[in-house]
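Me: I should like to understand how terms used for protein structures are justified. May I put some questions to you about the example below?

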Amino acid sequence: MENREDNIWIEQILNGDEMPFRHLVEKYQNLVFAIAFRILGNREDAEDAAQEIFVKCFHGLGKFNKQAAFSTWLYKIAFNHSLDLAKKFRHSKYKTDWEKAEIGSSITSETRSESEMDSRIIKSILKGAIDSLPPESRIIVLLYYYENLSLKEISEIMGFRENNLKIKLHRIRSKLMKQLQTKEEIISTLNL
Amino acid sequence: MDRDSHIDNLIKQTLKGEGLEMPPVDFSNKVMDRISKTSMENIYKPIISKRIFLSVLAGAVLVVLVTILLVKDPPSGTISTLNHFLDRIPDFHFRISLPPYILYSALGILVMVLVQTIFIGKIYRRMFR
């Protein structure tokens with residue numbers, strides 16, 4: 001259904017009507033922006049990159065194979081373009097920007113039940129742990145856990161083999177679990 | 001396995017709870033502006049690109065060189081025919097006395113430009129249809 005709708009818009013665009021492209025932008029802008037942001041690490045660069053990604057996509061629509069999903073094709077452009085920019089900038093700004101977001105920033109001193117507080121702490125630790133992952137792993141997490149894409153789709157977007165991706169995902173999981181345990185231990189020790 | 005699904009759920013909950021980083025409100029307008037600007041740039045592109053122009057030029061130079069190197073015979077039919085035609089115009093005493101290679105080069109370039117223009121025109125019309 002989604003693909004059909006996208007393909008109808010694409011057909012109209014290829015026939016010379018630019019307007020349906022706005023629908024595609026509005027539909028996919030959040031994830032494209034999120035991909036760029038997670039690779040580049042700051043809003044300004046991410047916004048610029050996301051705009052470039054859509055312009056690139058618009059001019060490349062003629063090459064798009066309608067048998068495939070438009071979203072997969074677009075995310076692939078987004079991923080590759082953001083990586084290229086990150087390499088070009090040769091900056092590690094994303095680190096500083098991610099570091100700005102303090103791990104415990106979302107923990108407030110509001111009175112909450114103990115279990116609610118625990119859950120908030122765990123989630124906030126986990127968020128910090130995800131943010132500290134390398135950009136490539138952050139994209140895997142985003143596409144797999146947030147966008148619920150299959151391993152096949154993610155491997156197509158990121159250009160990995162499916163088995164390789166499985167291994168990467170396993171490593172990410174273990175890393176997050178380890179960080180979560182370590183930080184939980186620290187917090188519980190401090191609480192004692 | 002159980003631990004895996006536990007951490008999977010936790011990650012999902014965290015990400016969904018947190019939401020995505022949102023682009024600015026006028027993001028789609030900015031993209032559409034950029035697209036219409038680049039579309040205009042496409043419209044105003046010269047019909048003959050730099051590459052094609054250079055290849056036409058190279059072809060023309062080649063024709064001149066080949067003509068200079070290979071045509072050693074005295075003026076052949078073309079000039080005589082032209083002069084014969086000019087002779088028939090009363091009170092008009094003008095005779096073309098160009099070296100043959102210049103005439104052949106000029107004709108060659110003319111043919112090439114005409115052919116290129118027709119072909120390029122067709123290609124561009126097909127591209128923008």
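Reply: Certainly; please note that this is a predicted model. A suitable start is the meeting of α7(A) with α8(A), where Ile139(A), Ile140(A), Leu143(A) and Tyr144(A) face Ile154(A), Ile157(A) and Met158(A).

Me: What makes the contact of α7(A) with α8(A) nonpolar, polar or charged by class?

Reply: The contact has 7 nonpolar residues, no polar and no charged ones. Ile, Leu, Tyr and Met count as nonpolar, so the residues named above fall into that class.

Me: How do the axes of α7(A) and α8(A) cross, and is the crossing left-handed or right-handed?

Reply: The two axes come within 10 Å and cross at roughly 145 degrees. The crossing of α7(A) and α8(A) is right-handed.

Me: How do you know that the span of α4(A) agrees with that of a helix?

Reply: Helix α4 of chain A, residues 70-89, has 20 residues. At 1.5 Å a residue it should span 28 Å, and its end C-alpha atoms are 28 Å apart, so the two agree.

Me: Why are Phe70(A) and Trp73(A) in α4(A) called buried?

Reply: A residue is buried if 20 or more other C-beta atoms lie within 10 Å of its own. Phe70(A) and Trp73(A) are among the buried residues of α4(A), as are Ala78(A) and Ser82(A).

Me: Which residues does Ala36(A) contact beyond its neighbours within four places in sequence?

Reply: They are Ala46(A), Ala49(A), Ala50(A), Ile53(A), Ala78(A) and Ser82(A). Ala36(A) is also one of the residues with the most contacts inside the largest nonpolar core, which has 48 residues. The largest share of this core, 13 residues, comes from α2(A).

Conventions:
Residues are numbered from 1 along each chain as its sequence is written. Chains are lettered from A and ligands numbered from 1 in the order in which they are written. This is a predicted model: local features need pLDDT of at least 70, side-chain atom pairs count only at pLDDT 80 or more; totals for chains, interfaces and linings use all residues. A nonpolar core is a set of buried Ala, Val, Leu, Ile, Met, Phe, Trp, Tyr and Cys residues joined through C-beta atoms within 7 Å. A residue is buried if 20 or more other C-beta atoms lie within 10 Å of its own, exposed if 12 or fewer, and partly exposed in between; C-beta atoms are placed from the backbone. Helices (H or I, at least four residues) and strands (E, at least two) are DSSP runs, numbered from the N terminus. Two residues are in contact if their C-beta atoms, placed from the backbone, lie within 7 Å. The expected span of a helix is 1.5 Å times one less than its number of residues. Axes are lines fitted to C-alpha atoms, for helices over the stretch in contact, and angles run from 0 to 180 degrees between N-to-C directions. A crossing is left-handed if the near helix is turned anticlockwise from the far one by less than a right angle, and right-handed if clockwise.
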